Amino acid sequence: MYSVATEETLRVMGGHADLVTGIQLNPHNHMQLYSSSLDGTIKLWDFMDGIPIKTFTVGSKLLALYALGSSEDSVFVVIPKSGERDTFQLVSVKLTKAAGQDLEAKEVSVVLDRVDASPKYIAFGREGEYVASVKEVNLQVYFFKQKQLNRFSLSAVKTKSGNNQFTCIACHPTEDCIATGHADGKIRVWRNFYHKKEYTYSTLHWHHDTVMDLAFSMEGTSLLSGGVESVLVLWHNQSDCQKDFLPRLGSPIEYISMACDGTLCCTLHTDNSADVKTGLVVDPRTKALVLNGEPGHLQFYCLQSDQQLFSLDIVQRQYIHQAGLNQADLVKVAFSAQGKWLATVEEREEVTDPELQLKLWFYDEETQSFKLNTRINTPHEDQITDMCFRDMDELEDDSLILVTTGRDCVFKVWVMVEDTDPEAQQSVSWSCDFVGSYHNYQATNCCFSEDGSLLAVSFEETVTVWDSVTWDLKCTFCHPPGKIRNICFGRLTCSKYLIGASDDGFLCCWNLLSCALEWSAHLNVLVLQPDPLSEHIAAVSWLSKESSLFVFKPNEPRPIYIQRNLCREKIQLAAFVPRDEPETIGSEKYLWLRRSQLFFLTDTQELMTLSTKSLQERLTPASKQLAVEESLPVTPFSLLLGKHRRQQSQEDIDLGKLFVRNKREQDSPAVKELLHTPAHVLPSASFLCPIFINSLLISKENKSAEEVADEVEMESEKTEDDSDEERDVTEMEQEDTSPLELLGETTCKLSKSQEKELRKIRKMDYSWISAF
């Protein structure tokens, strides 16, 4: 559930055991929501609190869901037809009003047979008086009151001028009017369809390809349509002459939905990052993850809020959504150490001569955005394989260098120079300063050492190391017969090492001081990612259809962390994202995650991360119980009480007291329910009050250690003959649980003589020690 005003994700509700196939507001209570799933259940939610109210088990897989105001105790769903493959039915399901949370919905009646499984192929019209369904080139309309079914068919012959295949349907809210979308981009508006022969339809045509979805406005005066053009078309009065456009929406429109009051329209689009070519890059300024967004754009994705911060148009050309067109796309991205400069590479794939552009962007503090500084056409004769900035924080502006490697068998060094053009808007621009090569091999990877003094460039099976001042070749490393897949320098105390992974399944570590192989391991490494804030390096391997993670320091060949079978998908990219504050980690095996967090991107476009928290801490119990997690501030009173408890606990620690709390005082269900349960579902105050008061009372049978100690002192002042009372106090001490025993340690029992000596020591005044 999202906020329309802020785009913030307000709540995530979980409870279904399979894919969710439909969501509909309850027409009789707009604070409730119906959802359907392939798990065969319909759930009724209080979506403002994220609480499932009822679960109705239908039994069959549910592929679409519809809820009507005219049907008070039933909903409509699409289910597979029993005994027939790939055949579906629209049925009405009666939702029983019986008590209980888990109920069975056994009363099911068939409305339409042989419908399509997609929810876009069925629509209800005229406030639920009829239902219309399309499939292939057939339209069928069923009138509920008359119990009449009319069928209409279009020509199935595909021609150059048209394809009559139905792709979506929408019904007018108040009139007998149906709009259908087709594969050739046409929209047909049907009328008079309660007659089997006298029906009519008019045609609207603007889309050049398939009409993906249709929706009427709440009054029915306008029709909205969307498709692969990424343009929302508004047809006024179903007229071909009166239409408005909302263009450049980023990606093809899949679904269109109107708000109940008609003031807002929501469009759902295809995936905005279907192919991540840029890799996972971290913006040093915002710590956002930067990768491909909509075509030709970079998206800056905030990991903390799970939101896109902004999108940067790199290609700056209109993207044409048409199959078979080769269009410029973003393939490489790199930031300077402080995030002041951004380098991008865009490429248009051609069979013979690829079109390349290298662009350098400068961050403008006034506009808080990147501005284009330099555009370089054809920076290499063939595809660019890698690029990196020289990371020298303190000298970034004076000695900033960009290196690019290409399949044209060279690497190029780009530097900033003063722009002598009097008409230029900027004072500096970028130009090529040096071109390097090695035996006419393809240059595949490049990286700078931590101090920026050395540049490593891999040429197929060989790694070359260059002086970044004189550009002299210092040494070479090789590990035939495999080509080098990844390279990186060690950092901090391990800066004298160079790590490389080859495609023949070897991970190698070379010593830059001795120019020799330090160690090697037989490991099929796909991803090699160094942590910018520590010596640790993460290596992800792929073996036997599973990805495994190995974390190591270059000076130690034995990994410090191994996670086998990390996931079944192939991990293609990884990135360490610095934390705002170092995390307190209890487990020693996760200490390498203290300053940075590691993220992965799989070949199925899933973004994953390693968490130091347990599964119990990460899971939210909102879908299973009324109480929300204690870590979530719910009410001002809860916040105030929580702050008071923390202060009281801290005072106890500072005073060095061994204070045993009553377990019911901390974990009382009554207190949790009173503080965390929404007010409109709470029982009456007269019912809760006795439970709440009793939960705060301390039982006489379970006294604190401090109270027991006071009683022991009082007993010591009495005569030694009063042994019965003293025995009672001793029994109370034994019943109380010591804090040390809770931690797994046992305390030794004192003899009576030792207890007497201890009482004497307690009475002595040691306040004179405080002067020292």
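This is a short tour of a predicted model, stop by stop.

**The whole chain**

Start with the full protein chain in cartoon view. Its secondary structure comes to nine helices and 50 strands. Of the 772 residues, 42% are buried. Now show the surface. The accessible area is about 42,500 Å², and carbon and sulfur atoms hold 50% of it. Among contacts with a separation of 6 or more, 43% join residues 24 or more positions apart.

**The largest nonpolar core**

Select L549, W592, L598, F600 and L610. These are the residues with the most contacts inside the largest nonpolar core, which has 18 residues. Next, colour the strands that feed this core. β45, β46, β47 (561–567), β48 (571–578) and β49 (596–602) each supply at least two of its residues.

Stay on L549 and show what surrounds it. Beyond its neighbours within four places in sequence, L549 is in contact with A538, A539 and V540, among others. Its contacts also include Y561, I562, Q563 and L566. W592, L598, F600 and L610 are on the list too.

Another core lies apart from this one. It has 17 residues, among them Y130, L139, F166 and C171. Select those four to find the place.

**A neighbouring loop on the surface list**

Go to S544, in the loop between β45 (537–543) and β46 (546–552). Is S544 buried or exposed? S544 counts as exposed, because its relative accessibility is 60% and the cut-off is over 50%. Check its backbone as well. S544 has a positive phi of about 55°, although it is not a glycine. Most residues other than glycine have a negative phi.

Then jump to R114 in strand β9 (residues 108–115). R114 also shows a positive phi of about 55° without being a glycine. At 47% relative accessibility, R114 counts as partly exposed.

**A buried serine**

Select S230. This residue sits in the loop between β19 (222–227) and β20 (232–236). S230 is buried, because its relative accessible area of 2% is under 20%. Show its side chain. A polar atom there lies 3.2 Å from the backbone oxygen of S251. What else is S230 in contact with, leaving aside its neighbours within four places in sequence? The list is L246, P247, R248, L249, G250, S251, P252, I253 and H321.

**Three strands in a row**

Move to strand β15 (residues 177–182) and strand β16 (residues 186–191). They run antiparallel and are joined by five bridges. One pair to label is I178 with its bridge partner W190 in β16. The hairpin of β15 and β16 has three residues between the strands. There, G185 takes a positive phi near 95°.

Follow β16 to strand β17 (residues 200–205). This pairing is antiparallel as well, over six bridges. W190 appears again here: its bridge partner in β17 is Y201.

**An open sheet of four strands**

For the last stop, select β28 to β31. Four strands form an open sheet in the order β28-β29-β30-β31, with antiparallel pairing. Which strands stand at the edges? They are β28 (329–335) and β31 (369–377). Each has a single partner strand, so one side of each is left without a neighbour in the sheet. Rotate the view to see the turn between strands. On average, neighbouring strands are turned by 25° against each other, direction ignored.

Finish at the β28 edge. Six bridges join β28 to strand β29 (residues 341–348). Label D329 and its bridge partner in β29, E347.

Terms used
Residues numbered from 1 in each chain as written. Predicted model: local features only at pLDDT ≥ 70, side-chain atom pairs only at ≥ 80, totals over all residues. Heavy atoms only, no water. Buried < 20%, exposed > 50% of the residue type's maximum accessible area, 1.4 Å probe, protein only. Polar contact = N/O pair within 3.5 Å; in protein donor to acceptor, adjacent residues only side chain to side chain. Contact = heavy atoms within 4.5 Å. Areas by Shrake-Rupley, 256 points an atom, 1.4 Å probe, with all protein chains shown as cover. Core = buried A, V, L, I, M, F, W, Y, C linked by side-chain atoms within 4.5 Å. Pairing = 2+ DSSP bridges. Axes fitted to C-alpha atoms, helices over the stretch in contact; angles between N-to-C directions.
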